[in-house]
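Colleague: I'm new to reading protein models, and I'd love a close look at one part of this one. Could you walk me slowly through a charged side chain and the partners around it?

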Amino acid sequence: MRPDIGAALGAIAVFLAFGYFARDVNWLGDPAIAAGWTDQAAQYGIVAVPVALLMIGGEFDLSAGVMIGSSGLLLGYLATHVHMNIWPAIALVLAFGLVIGLINGIAVVRTKLPSFIVTLATFFVLQGVNAAGTLKLTGTTAIQEIDSASGFNSAHRIFASDLTQYAFKVKVLWWIGITIVGAWLLGKTRFGNWIYGSGGDPLAARNVGVPVARTKIALFMMTSLTAALMGVIEALELRSMQSKEGIGLEFIFIICAVVGGCLLTGGFGSVIGTFFGAAMLGMVQLGIVDAQWDSNWTYTFQGAILFAAVLLNTFVRARAQRVR
């Protein structure tokens, strides 16, 4: 079974399951409920797409979650304390994301250290800067009143507005758009072939001319850039940013990618499958609440989904190799 088909079937199964358990709130037919879980899924799926590409390329980025908080805090500081127009502030935040990704990528490629270790170090550095740096500069660990910045309304319309009366968010369109771009890159371009080669067999890929180092660095930059974009979206939507925002989401992004068929060893995976993985986790996040279960069960579901997806992906991959 293709990973994207398996992820789609899993998402449908979860949707129907909560349709039964949360039938008191009309889970299957209420547009407001659909708006709720798609909003949650978009928060996961936007960054999960480049995380999936990076995993297919044989690497991990554990700093993607904290980058959301770092980027949102930087945007808030530039807008409220430096009094910068929101648009050049957004440009600087996205550039910041590219720089962090470049540092991660070069560190992994040059030192040959596992990306797990390098990006874990980045995670702790950024976490400390988010809390201590924000406290030092502003006297608090949160930045408020981002909506007071000039240009806020136009930026909010593009990044964080409601699409309909049922509160479907514009970031759902960002999620769909980034998924389409990621699927196109992976399936229709030379760069996509380089990603598969870099993750599947880097030595063989180098021997046939694939720029493995540059490919991996580009993937790290794409991941941090998209996390920075998510930080911008969150800051504009919430109109404020906490220093702990985004921490822990890096594991959710990985779960979405694994559900989408990405192997932990690299070289295999699906962006479309990752899309459905994010949808599934968005449903779980909201469905548990709507079913009136203890919200702590969310972590149990996430762990079970991850374990089942890893087992299934390993089985499918091994069977495919035997057939060949």
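Modeller: Happy to: we will start with one lysine and then step outwards to other parts of the chain. Please keep in mind that this is a predicted model.

Let's begin with Lys-216, which you will find in helix 10, the stretch covering residues 212–238. Is Lys-216 buried or exposed? Its relative accessible area is 9%, and Lys-216 counts as buried because the cut-off for that word is under 20%.

Now look for its partner. The side chains of Lys-216 and Glu-59 are joined by a polar contact of 2.9 Å. Those two residues also form a salt bridge, with 2.9 Å between the closest N and O atoms. Glu-59 sits in the loop between helix 2 and helix 3, while Lys-216 belongs to helix 10, so the pair ties together parts that are 157 residues apart in sequence. Like Lys-216, Glu-59 is buried. As background, side chains of opposite charge can pair when their charged atoms come close.

What else is in contact with Lys-216, once neighbours within four places in sequence are left aside? Besides Glu-59, the list holds Leu-54, Gly-57, Gly-58, Val-109 and Ser-198.

With that pair in view, we can look at others of its kind. How many salt bridges does the structure hold? There are six. One of them joins Lys-171 to Asp-39, where the closest N and O atoms are 3.1 Å apart. This pair, too, links distant parts of the chain: Lys-171 is in helix 7 (residues 171–188) and Asp-39 is in helix 2 (residues 31–56), 132 residues apart. Lys-171 has a relative accessible area of 2%, so it is buried. Asp-39 comes to 18% relative accessibility and also counts as buried, because that value is under 20%. If you follow these two residues further, you meet a network of salt bridges that links Asp-39 and Lys-171 with Glu-234 and Glu-237.

Another salt bridge runs between Asp-162 and Lys-169, with their closest N and O atoms 2.8 Å apart. Here the two ends fall into separate classes of accessibility: Asp-162 is partly exposed at 44%, whereas Lys-169 is buried at 17%.

Helix 2, where we found Asp-39, also leads us to a pocket. Helix 2, helix 11 (249–259), helix 12 (271–290) and helix 13 (297–323) each give at least two residues to the lining of the largest pocket. That pocket contains about 270 Å³ of space. Its lining includes Gln-40, Gln-43, Tyr-44, Leu-249, Gln-285 and Tyr-299. Which kinds of residue make up the lining? Five are nonpolar, seven are polar and none is charged.

Before you close the viewer, visit two loops as well. Most residues other than glycine have a negative phi. Asn-26, which is not a glycine, has a positive phi of about 60°. Asn-26 lies in the loop between helix 1 (3–21) and helix 2, and it is partly exposed, with a relative accessible area of 43%. His-83 also has a positive phi, near 60°. You can find His-83 in the loop between helix 3 and helix 4 (86–111). At 64% relative accessibility, His-83 counts as exposed, because the cut-off for that is over 50%.

How values were computed: Residues are numbered from 1 along each chain as its sequence is written. This is a predicted model: local features need pLDDT of at least 70, side-chain atom pairs count only at pLDDT 80 or more; totals for chains, interfaces and linings use all residues. Side-chain values use heavy atoms; hydrogens and water are left out. Helices (H or I, at least four residues) and strands (E, at least two) are DSSP runs, numbered from the N terminus. Buried means under 20% relative accessible area, exposed over 50%, partly exposed in between (1.4 Å probe, protein chains only). A polar contact is a pair of N or O atoms within 3.5 Å; within protein, one must be able to donate a hydrogen and the other to accept it, and residues adjacent in sequence count only if both atoms are side-chain atoms. Contact means heavy atoms within 4.5 Å. A salt bridge is a side-chain nitrogen of Lys or Arg within 4 Å of a carboxyl oxygen of Asp or Glu. On a 1 Å grid over the protein atoms alone, a cavity is a set of points where a 1.4 Å probe fits but cannot get out, and a pocket is an open set with protein on both sides within 12 Å along at least five of seven lines; lining residues have an atom within 4 Å of a point. Grid points are joined across faces, edges and corners, and a volume is the space filled by probe spheres set on the points. Ala, Val, Leu, Ile, Met, Phe, Trp, Tyr, Cys and Pro count as nonpolar, Asp, Glu, Lys and Arg as charged, and the others, Gly among them, as polar.
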